[in-house]
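Colleague: Could you take me through one part of this model at close range? I would like to follow the strands and turns residue by residue.

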Amino acid sequence: MAPKNPKSSKKASKQSKGKKTKKQKEEERRLQEEEEARIEAEEEEQKRLVIEKEEQELERLELRDREHRELELNELRHLLEQNHSAVTKWRADVAEKAKWERYMCCDGTPDPEVQQDVNTYISLWREDPEVNIKPVLEQCNNALQLLEELEALLREATDPKECQVYEEAVISLQELIHSKLHLSTEEILKTANENTDTETGNMQTVVRGDHTTLCLWANLKRNPRFKGLNFEEVGLRFELPKQLTMSDIAVRILHTHYDHLSFLPRMAHRKIHAPSNSPESLEVVDEAPADTDLPEQEETKDEEEVKDDDDTQQLTADEEVQSIQGLEGRKSEDSPETSKSSRESAEGSGSQIQTQMEALSVEGEFDSPSELLPMVDSSEPVLVVDLMEYTPLGGVFYYDVFRIPPQAHRVNGWEIRQKLHTGLQVFPYPPETFNSDENQALTCPPVGMSVKLPDRVVFLETPQVARWDAADKQWRMDGISDVSYEEEEAKISFKMDSFQAFVLMQETYANFPFLSWDLSPLGKDAATFTVNGALIEINIWIQGDQCSLQSEVKGLPHLQGKWMSSPDLQRAMINAGINIFVNEHTDKYVSSCGKNPLTEHAAYEQMALFASACTFSWSKWNAKCDAEHLVMQAREHPCPATQPTDPQCLYLLGAQRTRKLAITEGSEEFSSNHDPSRDFHSTFLHMLQDDMSTDGIARTRESSYLFVDTVRSLLCATRPLMFS
């Protein structure tokens, strides 16, 4: 037998070893795949068990929540109804006491609720021949006080006939106030030559009242080099073109700290955009200041011939009614900013808590206000001012030019005066004879005006100037040129085509949306509410039923630190240019989180109940969750004198239940997973109680109903969960 070839043997051995290695690899791969499948199956089983356990735990929590739901809702309802009943009784007692004090006062001022008394007051004042400026200003102060009371009644009125009566009284009284100031102006100008300035030979005077500043200048010398006059003591300056310096004219700048002219456009807007009875209007603040809802008066009167003094004071009742009927629109009886029924629905919603929450669960998807009311396109040039978007501040400046009345001449001890029956006549400028706009622009240059910003108003941005269009009864921003704003001197200068009333305006929602907010207790029935707005930070202290602005906003000495009721503070802040309050129009101009208003309102009510013991604050996750839920931070504040060191917890509030979240404010992403150490609850109130001490819960039960109601009203008026 021949011997084997050693080379071929080695080769066969290598091939055999190679085949074995390949099989081993396949076997190892198979075993690895089986192991991976086993591990994956185990992981899936573990996940299934975890999910099953979580579902069982969730089912247990939901079952436990359902068991306690009725009890918790009944307890919350009882607390809300108890507070509501106490507040209602207190308000009735206060109103009754005020009515009795007015009756016992016997100072001659009429009862605003008695129409006959108000009509008698107006008639007697109209017939009063007094035209001297000082007594007239005193009379105007009394009339303005009566007007404030009438406007308060108008905001509270729900019956259409009652609203009409108050509106007629307000309009008649406002027209009479302006008529009296007009007659006093004429009386001063009749003796202009007796009160001339020794340097210029012209007459100039300033008369200041509590609510009115009257500046008058009479051109007696007709000096062609005259450019203008500066009333330094009141921060007003006017400039005249050369044509007027050679005319027998008198310039009047009447600054009223109230606004009579914005009434008509606001009324027309309310008629067109009648508010609905949606839950969003459960609680709103009167968007317009109480002293701004008044009609235009002077411009149309000045352009017509006026009868003699006696006749101008005699306006018949028929004329008054016709002037009222001629207005475009009426205030809606159920306007959210003035309606008592809307406010009562907010205050009395404690008896509807369960109904609201259950109704929310079957409403389906909630359409956010921002979807229902699209944002206004600000790219269009503004001509007619939208008084929902802009707010007049600092009152109205009536800028007028009149013909100087005939002056008296003294001859041999006799005073000779030409008596006219036309009253104070407007000097037309530009003259009505011009038909060509080009000729008019060449021959009638604009008139200049410079105004120091009122010291009782804060402008967060550069003020806007608007003029009054007497024909269309609207504020307009066209026809104004060469606007110059000196921020350091707080002065604005501009020119207008003619003499017209004007106002300084600011965007109503300039301080929206909020960057953050915080509500913290300060002691028994005391708390501080801080809103960090888009431009400035606002801090409001609450003590019982009183509120006080404590922010470091310069220029408001009349408001800083003054204690007043929540509605009064809201109106005072809006009048001063500091607006953090919402109304039914806010969603049209400010982007919001679009939260369900019923859930939002229920949260504010429960926050108010615990405001004496808990701190509540803004959470960035509120904007990340859906419209049906709210997210906020909260914790017990153990002692007002010390600052808590524990971080605040996050709570997710919904229509059916509230839960404590597992995430924190510093988490990387939002998750609605609940804290496994806490139960579900049907109310935010009971969710908070799980993390509170016995002393903390006791403090909440000892809170005054007035304090709770004041906190609730501020929260509902600012709606921080919607606009932060």
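Modeller: Happy to! Let's begin at the turn between β17 and β18: these strands form a hairpin with 2 residues between them, and Gly-544 in that turn has a positive phi of about 65 degrees. Keep in mind that this is a predicted model.

On either side of the turn, β17 covers residues 537–543 and β18 covers residues 546–549. The two run antiparallel and are joined by 4 bridges. If you want a pair to look at, find Trp-541, whose bridge partner in β18 is Ser-548.

Now step back along the chain to β16, residues 526–532. β16 also runs antiparallel to β17, with 7 bridges joining them. Here Ala-527 stands opposite Ile-542 of β17. β16 and β17 form a hairpin too, with 4 residues between them. So β17 is paired with β16 through 7 bridges and with β18 through 4, with pairing counted from at least two bridges between strands. As you look along these strands, remember that in a regular strand the side chains alternate between the two faces of the sheet.

For a helical counterpart, move on to α18, residues 705–718. Its 14 residues reach 20 Å from the first C-alpha to the last, close to the 20 Å expected at 1.5 Å a residue. Because 13 of those 14 residues are buried, α18 is largely enclosed by the rest of the structure. At its N-terminal end, Ser-704 acts as a cap, with a side-chain oxygen 3.2 Å from the backbone nitrogen of Leu-706. Just after the helix, Arg-719 takes a positive phi of about 50 degrees.

Notes:
Residues are numbered from 1 along each chain as its sequence is written. This is a predicted model: local features need pLDDT of at least 70, side-chain atom pairs count only at pLDDT 80 or more; totals for chains, interfaces and linings use all residues. Side-chain values use heavy atoms; hydrogens and water are left out. The expected span of a helix is 1.5 Å times one less than its number of residues. Buried means under 20% relative accessible area, exposed over 50%, partly exposed in between (1.4 Å probe, protein chains only). A polar contact is a pair of N or O atoms within 3.5 Å; within protein, one must be able to donate a hydrogen and the other to accept it, and residues adjacent in sequence count only if both atoms are side-chain atoms.
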